[in-house]
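Here is a short tour of a protein model for someone meeting it fresh. Keep the structure in view while reading.

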Amino acid sequence: MNQRTTIDLDQGWQFMQRGITKLKNILEGLPEPQFSSEDYMMLYTTIYNMCTQKPPHDYSQQLYDKYRESFEEYITATVLPSLREKHDEFMLRELVKRWSNHKVMVRWLSRFFHYLDRYFIARRSLPGLNEVGLTCFRDLVYQELNGKVRDAVISLIDQEREGEQIDRALLKNVLDIFVEIGMGQMDYYENDFEAAMLKDTAAYYSRKASNWILEDSCPDYMLKAEECLKREKDRVSHYLHSSSETKLLEKVQHELLSVYATQLLEKEHSGCHALLRDDKVEDLSRMYRLFSKIPRGLDPVASIFKQHVTAEGTALVKQAEDAASNKKAEKRDVVGLQEQVFVRKVIELHDKYLAYVNNCFQNHTLFHKALKEAFEVFCNKGVAGSSSAELLATFCDNILKKGGSEKLSDEAIEETLEKVSSCSLSPFPLFSLKNVCFFFMPLQQEKADNKFRLQVVKLLAYISDKDLFAEFYRKKLARRLLFDKSANDEHERSILTKLKQQCGGQFTSKMEGMVTDLTLARENQASFEEYLSNNPAANPGIDLTVTVLTTGFWPSYKSFDLNLPAEMVRCVEVFKEFYQTKTKHRKLTWIYSLGTCNINGKFEPKTIELVVTTYQASALLLFNASDRLSYQEIMTQLNLSDDDVVRLLHSLSCAKYKILIKEPSTKMISPTDVFEFNSKFTDKMRRIKIPLPPVDEKKKVIEDVDKDRRYAIDASIVRIMKSRKVLGYQQLVMECVEQLGRMFKPDVKAIKKRIEDLITRDYLERDKDNPNLFKYLA
């Protein structure tokens, strides 16, 4: 077996030196043939042999040191001089070239010395060959030049910001050196380059912003800011490290937006107020995009948005108030029209700014809150003595009833009534009944336009007195249903469904019951007509329609014991007999104030069909037996109150159609007046409706709601105290307000009054030691 020849250190290193010199010449671009596989194997084998010789000829440590010295010598002799003689961009190009060459040199030398990596370095836990090579460059080149390099890079970035063309690939390669020199750590990039770059960026944009804020309008400033942010993001994607993006953009946003936010948003002719006023949707969207990026940047924008919407809404209220006060001397319906215009404008305002919230402000909760709070401010203000709850209920009534107005609705009723066949009692009397429509309630409870219907429900969310709206709406719904003024049952059910979703089932339960009642009433009427056809003897000789209502669902109506004419008495008796066949457990309360009659008036020029209320018909039929009747006689015979007699006699003798002649001929009804039939009366129409002036029910509605609120406050206090047993005054009031807030905003004084009342009724008691502490009495 042949003995391997021992290689001494000088001999071996001399051979290695030739290989290293060849590599340096190749890197420097000198004419030198490339390494062949034989060359590589010879160099590798030399290192292998020198490291595997028996001591004292194992030169692993010496070779490891010489490996480092090779780099140090090359850098000191060649690399550093070439870098020191160049400046700025030329220095950067040379650095990139030298770094690239250095990595090639490390790759080749680490292959030649690979055996050291496998055994010697691993056993001694020394830095690897690759790490030693890169560390040499870092310690000798990077440490000396990183300051100059950083300044040169930042200078080029600033040139690019000013619009000059720069070599982005060069910057990318230079900045990669900062990253790679850290060997997996970002410390060198962050400390030696990024920190200074961010500081320079802040200073650059601070200078720019201080000029722009004085020279530019808010939209122009935002355009520039957005463009700057876009360019900085572009810069990151082209040559900065991706980890710099957030920090860089935050610096730019701070200098351009945070520092000047107040000045920018409040610019007199172009700030946020002006953009909202002039409907600058694109600029508002840009404002949202920019300010959403800075901490709490949207708060002032939302605040200005709220102020603007509040101001616009308040202006609508004032406009409606002024219009209503200007029309006070004119007809009441004109004032009503102004109020309806106001609600429509509020809906349009809501549509407009909700679109802003959804589109410009990307459905952000902050702006939804601002919109809600703004609308709550002016939606709870009254107009011309009418509360917002009443206005909204009236508006609903207007879009849900036939024709959208009283006049058209009346015509629709007349067309319906024309279908009913005529049946006169006798040719001789002055007045003969044609048909009668009655309403009664058993005293036992039983269970428009799409866009505007939806918007009304949305507006209701902003109104604090939802219970007041419910009562007004119920009154008006009752009139629509009872007098067949509802344009569409589906629309009625649709809005009730939306109200139920918005305010809960309790809010709409009575209204839903009313709609159901009407469906049952139609079935009941069909049964009644079938009963009459099967019992001809029972037929009263007059077309009779009766609507059965459930007491608990409908508003309460005055029920007087009106002395009905004999013809009507017969109608009532017939229906009672029919109803007894269906149920014997209900007492019927007849609501004559809601009834209507069609009667034929025999006037000298011609016979005219009159559409009147039951009260008016009863009064007119008295003149079949008497030529003249005094006010007192009419009141006695009808058994009505003064107010009702004045209303019905005024409608028949002082209004548009003077069916009765009044003595003396004045515009006011007095207890001394005498009335007689106006035989000369005529009209171009063969059928006329004589309206009875409506009773203003606003006061009664408000009284009813106040009464219901007292019960609601009582119930809430008892519920709270029952669960808490002992509670302080402030806490009790707070919880009570919170509980009732969904339906109305309770007055603190009213709560205090109800607490006192509950104490007197032994539901609560005051603590003996602390009068502000209450205890529940079981």
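The report below covers two sheets, some helices, two buried residues and a few backbone details.

## The model

This is a predicted model. Residue numbers start from 1 along each chain as its sequence is written.

## The sheet of strands 6, 8 and 7

Start with an open sheet of three strands, in the order 6-8-7. The pairing is antiparallel. Strand 6 and strand 7 stand at the edges, and each has a single partner strand, so one side of each is left without a neighbour in the sheet. Neighbouring strands are turned by 25° against each other on average, direction ignored. Helix 25, residues 631-638, packs on this sheet. Helix 25 touches strand 6 and strand 8, and its direction makes about 85° with that of strand 6.

Now look at the pairings. Strand 6 covers residues 628-630 and is joined to strand 8 by three bridges. S630 has V674 of strand 8 as its bridge partner. L629 is bridged to F675 in strand 8. On the other side of the pairing list, strand 7 (residues 660-663) pairs with strand 8 over four bridges, again in the antiparallel sense. Here K662 has F675 as its bridge partner. F675 is thus named as a partner of both L629 and K662.

## Two faces of strand 8

Which side chains of strand 8 are buried, and which are not? Strand 8 runs over residues 674-677. F675 and F677 point to one face and are buried. V674 and E676 point to the other face and are not buried. The general pattern is simple: in a regular strand the side chains alternate between the two faces of the sheet.

## The sheet of strands 10, 12 and 11

Another open sheet of three strands has the order 10-12-11. Its pairing is antiparallel. Strand 10 (726-728) and strand 11 (764-766) are at the edges with a single partner strand each, so one side of each lacks a neighbour in the sheet. The twist averages 30° from one strand to the next.

Strand 12 covers residues 773-776 and pairs with strand 11 over three bridges. In this pairing, E765 stands opposite K775 of strand 12. Helix 28, residues 729-740, lies across strand 10 and strand 12. Helix 28 runs at about 90° to strand 10.

## Helix 22 and its kink

How far apart are the end C-alpha atoms of helix 22? The helix spans residues 505-534, which is 30 residues. At 1.5 Å a residue, helix 22 should span 44 Å. Its end C-alpha atoms are 42 Å apart, which agrees. Helix 22 also has a kink of about 25°, centred on M511.

## Two buried residues

A302 sits in helix 14, residues 298-326. Is A302 buried or exposed? Its relative accessible area is 5%, so A302 is buried, the limit being under 20%. Setting aside neighbours within four places in sequence, A302 is in contact with L366, F367 and A370. A302 and H364 are 62 residues apart in sequence, and their C-alpha atoms are 9.8 Å apart in space.

N598 belongs to strand 4, residues 596-602. N598 has a relative accessible area of 1% and is buried. What does the side chain of N598 make a polar contact with? The partner is the side chain of E609, at 2.7 Å.

## Backbone exceptions

Most residues other than glycine have a negative phi, and most peptide bonds are trans. Three places in this model are worth a look against that background.

The peptide bond from E663 to P664 is cis, with omega near -5°. P664 lies in the loop between strand 7 and strand 8.

N363 has a positive phi, near 65°, and is not glycine. N363 is in the loop between helix 15 (332-360) and helix 16 (365-379). N363 is partly exposed, with a relative accessible area of 45%. K725 also has a positive phi, near 65°. The loop that holds K725 runs between helix 27 (698-724) and strand 10. K725 is partly exposed, with a relative accessible area of 46%.

Technical notes
Predicted model: local features only at pLDDT ≥ 70, side-chain atom pairs only at ≥ 80, totals over all residues. Heavy atoms only, no water. Buried < 20%, exposed > 50% of the residue type's maximum accessible area, 1.4 Å probe, protein only. Contact = heavy atoms within 4.5 Å. Polar contact = N/O pair within 3.5 Å; in protein donor to acceptor, adjacent residues only side chain to side chain. Pairing = 2+ DSSP bridges. Axes fitted to C-alpha atoms, helices over the stretch in contact; angles between N-to-C directions. Expected span 1.5 Å × (residues − 1). Bend = angle between axes of the 7 residues up to and from the residue.
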